[in-house]
Amino acid sequence: MSHAITDSMTMIGRSIRLGRRNVDTLIMSIVLPLLMMALFVYVFGGAIDTGTQYINYVVPGIILLCTGYGAASTAMSVADDMNSGMIDRLRSMPIRSFAVLTGHVTASVARNALSTTIVVGAAVAMGFRPSASPLEWVAAAGLLLLYVLALSWLAAGLGSVAKSVESASALSFFMLFLPYLSSAFVPTDTMPSFLRGVSEHQPITPVIETVRGLLTGTPIGDKGWIALAWSVGLLVASFIVATALYRRRVND
Amino acid sequence: MIVEATGLRKAYGSTAVLDGIDLEVAEGSVFALLGPNGAGKTTTIRILSTLSRPDGGRLRVAGFDVVREPAEVRGVISLTGQYAAVDAEQTGRENLVMVARLMHLGRPGAKARAAELLERFDLVDAADRRVKTYSGGMRRRLDLAMSLVAAPKVIFLDEPTTGLDPASRTTMWDAIRDLVRTGTTIFLTTQYLEEADRLADRIMVLDKGKVAAQGTADDLKARVGGDRLDLRFTSGAALDVAAALLGGFPDHERLVLSVPSDGTAAHLHTVLDDLRAAAAAPVQVSSHRPTLDDVFLALTAREGVPA
Ligand SMILES: Nc1ncnc2c1ncn2[C@@H]1O[C@H](COP(=O)(O)OP(=O)(O)O)[C@@H](O)[C@H]1O
Ligand SMILES: [Mg+2]
């Protein structure tokens, strides 16, 4: 048991080091959300009526956009290991090689926490005025962490079956796309009805609504519990799927 | 026997990749699996190192059953795969420390072991540079060093020198010979006959998933035919006399007669004495053994050669 923990710690250290040194991905994971935020706030924001300062509306959506980007790069890191000699080396050692996924997932969560913090900081500089109490900040952070963790495990699962880094990136495309079909950038009641059906029944909308409510005081209603249920459910399902896909990949 | 396989079979889909392989490797020896691309070398190594499941056969490594006791097998082996398993964005030292930590050496122990291996593989100067700046030979050495962190009993090396320049290849060969000196058993695959010839105690030629031949390098050479003597003469007349006396294959252009030989000094004496008695003594004599290249070509050119 204690070996399982030290093995995971070693692999987490490795993934964080690799993540820090993969300068392109790191810069993109910070610059891209900042660009998107500037684009939405300064270019589209004036034309979108959300009944509030647009920046107050859009910050949670930008954060979720970040998580999708982070998950896609996690899938790519995992695919890189699974398609190089590294996985064979680890599997031929007397350790639980699954720790390679734990390492990438943890590094993914850490990278997301960093980029989210930077995005929120930049948003404040651009005029974002959250009204959250410390407890609400903690609740928002907790929900986001849970959601990111779930998404990262899903990404790790996809990455472990992908036959190449490119196909991992293709597989995780929907994670980048999903936020646009949610209440991230425009309220769902402005969408045509079939799209509204999609956007109101996917996990990102309740997560965004809850984070928005916690940070800026918009009504949350039952969205909070739905977001929590989605995140926990997604985490459990993603972990099971990742374990199964990893097993399938390594048993030939 | 530290590695034993009987009736090893593996198919991907309907294609039999390994079709009943039997092999034995003695402890402390070097065993080379020789074969062209696609022969099944990597598949054999992956199965013996627990990465892939065989469809059939009985496999033991260091007394452990490869299929039923994979964890025990992993504890005594290490694998250096066909493609270097090193992190390009970590330094050489970080790569080694990572493996040492996974082998539960503890932080100080891991650092000490990494330093020792960097020294041994002549990577001290490059130790704190990222591996992406390394040459192919340095990567391969680091890869091998990473496999030696836990001092395994059996090392599987899949094409350890493929793609290396001649100087790096020689360095790699030296590293492998050093390992043998420490009593480690080496199971390597190669496409290079010269490599098998230089390193291996026993060679197995694999072709399309079947054993084409096995034995020592000398055994294999003997299988394609024995030695031959090339006798050179000063005149065509002498060559004709010699050919009439000894048979063999005369080459009138080069004035050389090739005769089969058993490689003994006695046979050489007889030949020379007979020729001198016939007043057709050669001016030059050379003895030729078939190379492994001859063996390889002879064995892999034909279909379904019996083992
Ligand atoms: N995972 C796999 N799926 C399908 N076919 C495979 C797989 N791995 C190897 N093969 C096939 O098995 C044969 C032997 O491959 P391999 O063991 O890699 O040969 P070698 O290492 O001697 O070049 C090849 O024809 C190869 O295409
Ligand atoms: Mg191969």
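In this predicted model, the side chain of B:Thr189 makes a polar contact with the side chain of B:Asp158 at 2.6 Å. That same side chain of B:Thr189 also gets to the backbone nitrogen of B:Glu159, at 2.9 Å. B:Thr189 sits in strand 8 of chain B, which runs over residues 185-190. Its relative accessibility comes out at 0%, under the 20% cut-off, so B:Thr189 counts as buried. Setting aside neighbours within four places in sequence, B:Thr189 is in contact with B:Leu33, B:Lys41, B:Ile45, B:Leu157, B:Asp158, B:Glu159, B:Pro160 and B:Glu195.

One of those partners, B:Glu195, turns up again at another threonine. The side chain of B:Thr161 makes a polar contact with the side chain of B:Glu195, at 2.3 Å. B:Thr161 belongs to the loop between strand 7 and helix 6 of chain B. Buried or exposed, how does B:Thr161 count? With 0% relative accessibility, B:Thr161 counts as buried. Not counting residues up to four places away in sequence, B:Thr161 touches B:Arg169, B:Met172, B:Trp173, B:Tyr192 and B:Glu195.

Another of the partners of B:Thr189, B:Lys41, leads over to the ligand. Ligand 1 is surrounded by B:Tyr12, B:Val17, B:Pro36, B:Asn37, B:Gly38, B:Ala39, B:Gly40, B:Lys41, B:Thr42 and B:Thr43. Helix 1 of chain B, residues 41-48, supplies the largest share of this shell, with three residues. Polar atoms of the protein come up to oxygen atoms of ligand 1 at several places. A polar backbone atom of B:Gly38 is 2.7 Å from a ligand oxygen, and a polar backbone atom of B:Lys41 is 2.8 Å from a ligand oxygen. For B:Thr42, a polar side-chain atom takes part, 2.7 Å from an oxygen atom of ligand 1. Taken alone, ligand 1 exposes 560 Å², and the protein buries 58% of that.

Next comes helix 5 of chain B, residues 136-147. This helix has twelve residues and reaches 17 Å from its first C-alpha to its last, close to the 16 Å expected at 1.5 Å a residue. Helix 5 of chain B is mostly covered, as ten of its twelve residues are buried. The buried ones are B:Gly137, B:Met138, B:Arg140, B:Arg141, B:Leu142, B:Asp143, B:Leu144, B:Ala145, B:Met146 and B:Ser147. What covers them? The cover includes helix 4 of chain A, along with strand 6 (77-80), helix 3, helix 4 (107-120), strand 7 (154-158) and helix 6 (166-181) of chain B.

Helix 3 of chain B, part of that cover, spans residues 92-102 and holds B:Gly92. B:Gly92 is buried, with a relative accessible area of 0%. Leaving out neighbours within four places in sequence, B:Gly92 is in contact with B:Leu118, B:Ala127, B:Arg129, B:Val131, B:Tyr134 and B:Leu142. The C-alpha atoms of B:Gly92 and B:Lys132 are 9.7 Å apart, with their positions 40 residues apart along the chain.

Two loop residues of chain B have backbone angles worth a look. Most residues other than glycine have a negative phi. B:Ala151, in the loop between helix 5 and strand 7 of chain B, has a positive phi, near 50 degrees. B:Ala151 is exposed, at a relative accessible area of 58%. Phi is also positive for B:Leu255, near 60 degrees, and B:Leu255 lies in the loop between strand 12 (249-251) and strand 13 (256-261) of chain B.

On a wider scale, the domain assignment splits chain B into domain 1 (3-222) and domain 2 (227-288). The centres of these domains, taken over C-alpha atoms, are separated by 46 Å.

Over in chain A, helix 11 takes in residues 223-250. Its 28 residues should span 40 Å at 1.5 Å a residue, and its end C-alpha atoms lie 39 Å apart, which agrees. Buried residues in helix 11 of chain A are A:Ala227, A:Ser231, A:Leu234, A:Leu235, A:Ser238, A:Ala242, A:Thr243, A:Leu245, A:Tyr246, A:Arg249 and A:Val250. An α-helix has 3.6 residues a turn, so residues three or four places apart point the same way. The cover over the buried residues of helix 11 includes helix 3 (54-82), helix 4 (86-91), helix 5 (99-125), helix 6 (134-161) and helix 10 (204-216) of chain A. Helix 4 of chain A is thus named twice, as part of the cover here and as part of the cover of helix 5 of chain B.

Terms used: Residues are numbered from 1 along each chain as its sequence is written. Chains are lettered from A and ligands numbered from 1 in the order in which they are written. This is a predicted model: local features need pLDDT of at least 70, side-chain atom pairs count only at pLDDT 80 or more; totals for chains, interfaces and linings use all residues. Side-chain values use heavy atoms; hydrogens and water are left out. Helices (H or I, at least four residues) and strands (E, at least two) are DSSP runs, numbered from the N terminus. The expected span of a helix is 1.5 Å times one less than its number of residues. Buried means under 20% relative accessible area, exposed over 50%, partly exposed in between (1.4 Å probe, protein chains only). Contact means heavy atoms within 4.5 Å. Domain bounds come from an automatic or database domain assignment. A residue is near a molecule or strand if one of its heavy atoms lies within 4 Å of it. A polar contact is a pair of N or O atoms within 3.5 Å; within protein, one must be able to donate a hydrogen and the other to accept it, and residues adjacent in sequence count only if both atoms are side-chain atoms. Accessible areas come from the Shrake-Rupley method with a 1.4 Å probe; for residues, only the protein chains shown count as cover.
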